[in-house]
Amino acid sequence: MPINRIIINSSPLIVLFKSQQAQLLPQLFTEIVVPEGVFQEVTKGGEDDTASRQLPTVSWIQRVEIDSIAPEVAAWDLGTGESQVLSLALKNLDCAAIVDDRAARRCALSLSIITIGTGGLLILAKRRELISSISPGIQALRNAGLWLSDNIVNILKHQAGK
């Protein structure tokens, strides 16, 4: 079953904007939900920060206020953004949570929430023929500050068919 709706965390948004790859999101998904805590975290960087400056200008996000954190998520003591993303995903199991944080991914796994990492978005883009290769995208993510081990890079390239 293809994933059409996502709830995205701060770090994937930040590195996608900084690497000039954020435009892949509306090409990959019909609904991109950004919890208010994530929006605030991304936009606190001011005018000198690419993601902070660009996120408020895009028309393809849906900002959502989160009333409370699910107790099952709160027990993991994650950051505000991760907690909001996973709490919302827990209520909307047809959505994937876009998170890179290891603890958040473990929490999601324990709660049967579908997750995709930022690198996984490049694999989807390659499979849907939006990009011809993930190698430049991976390098751009690394240049934008996303830490990816050489092992993870090799796995991503293998899964994308290079």
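This report covers aromatic contacts, the largest pocket, and selected residues in a predicted model.

**Aromatic contacts**

A search of the whole structure turns up one aromatic pair. The partners are F17 and W60. Their ring centres are 6.2 Å apart, and their planes meet at 10 degrees. Planes under 30 degrees apart count as stacked, so this pair is stacked.

The pair links distant parts of the chain. F17 belongs to helix α1, residues 10-18. W60 sits in the loop between α4 (50-54) and β3 (61-64). The two residues are 43 residues apart. Their exposure can be stated for each ring's residue in turn. F17 has 4% relative accessibility, so F17 is buried. W60 has 21%, so W60 counts as partly exposed. The cut-off for buried is under 20%.

A charge also meets a ring in this model. The charged end of R63 sits over the ring of F39, at 3.6 Å from the ring centre. F39 has a further contact, through its backbone. Its backbone oxygen is reached by the side chain of T43 at 2.8 Å. T43 lies in helix α3, which spans residues 36-43. T43 has a relative accessible area of 19%, so T43 is buried.

**The largest pocket**

The largest pocket has a volume of about 480 Å³. Its lining is made of 17 residues. The closest to the pocket centre are D100, R105, W147, L148 and I152. Three elements give two or more residues to this lining: α7 (102-110), α8 (118-127) and α10 (150-160). By class, the lining holds eight nonpolar residues, six polar and three charged.

**Two loop residues with positive phi**

Most residues other than glycine have a negative phi. Q20 departs from this, with a positive phi of about 60 degrees, although it is not a glycine. E129 is also a residue other than glycine with a positive phi, near 60 degrees. Q20 is in the loop between α1 and α2, where α2 covers 24-28. E129 is in the loop between α8 and α9, where α9 covers 135-143. Q20 has 67% relative accessibility, so it counts as exposed. E129 has 71%, so E129 counts as exposed too. For both, the cut-off is over 50%.

**Two pairs along the chain**

T118 lies in helix α8. T118 has a relative accessible area of 0%, so T118 is buried. The partner considered here is L146, 28 residues away along the chain. The C-alpha atoms of T118 and L146 are separated by 8.8 Å.

L130 lies in the loop between α8 and α9. At 33% relative accessibility, L130 counts as partly exposed. L130 and L13 are 117 residues apart in sequence. In space, their C-alpha atoms are 18 Å apart.

**Accessibility of the named residues**

The table lists the residues discussed above with their places in the chain.

| Residue | Place | Relative accessibility | Class |
|---|---|---|---|
| F17 | helix α1 | 4% | buried |
| T43 | helix α3 | 19% | buried |
| W60 | loop between α4 and β3 | 21% | partly exposed |
| T118 | helix α8 | 0% | buried |
| L130 | loop between α8 and α9 | 33% | partly exposed |
| Q20 | loop between α1 and α2 | 67% | exposed |
| E129 | loop between α8 and α9 | 71% | exposed |

Technical notes: Residues are numbered from 1 along each chain as its sequence is written. This is a predicted model: local features need pLDDT of at least 70, side-chain atom pairs count only at pLDDT 80 or more; totals for chains, interfaces and linings use all residues. Side-chain values use heavy atoms; hydrogens and water are left out. Rings of Phe, Tyr and Trp (its six-membered ring) pair if their centres lie within 6.5 Å; planes under 30 degrees apart count as stacked, over 60 as edge-to-face and the rest as tilted. Buried means under 20% relative accessible area, exposed over 50%, partly exposed in between (1.4 Å probe, protein chains only). A charge sits over a ring if NZ of Lys or CZ of Arg is within 6 Å of the ring centre and within 35 degrees of the ring normal. On a 1 Å grid over the protein atoms alone, a cavity is a set of points where a 1.4 Å probe fits but cannot get out, and a pocket is an open set with protein on both sides within 12 Å along at least five of seven lines; lining residues have an atom within 4 Å of a point. Grid points are joined across faces, edges and corners, and a volume is the space filled by probe spheres set on the points. Ala, Val, Leu, Ile, Met, Phe, Trp, Tyr, Cys and Pro count as nonpolar, Asp, Glu, Lys and Arg as charged, and the others, Gly among them, as polar. A polar contact is a pair of N or O atoms within 3.5 Å; within protein, one must be able to donate a hydrogen and the other to accept it, and residues adjacent in sequence count only if both atoms are side-chain atoms.
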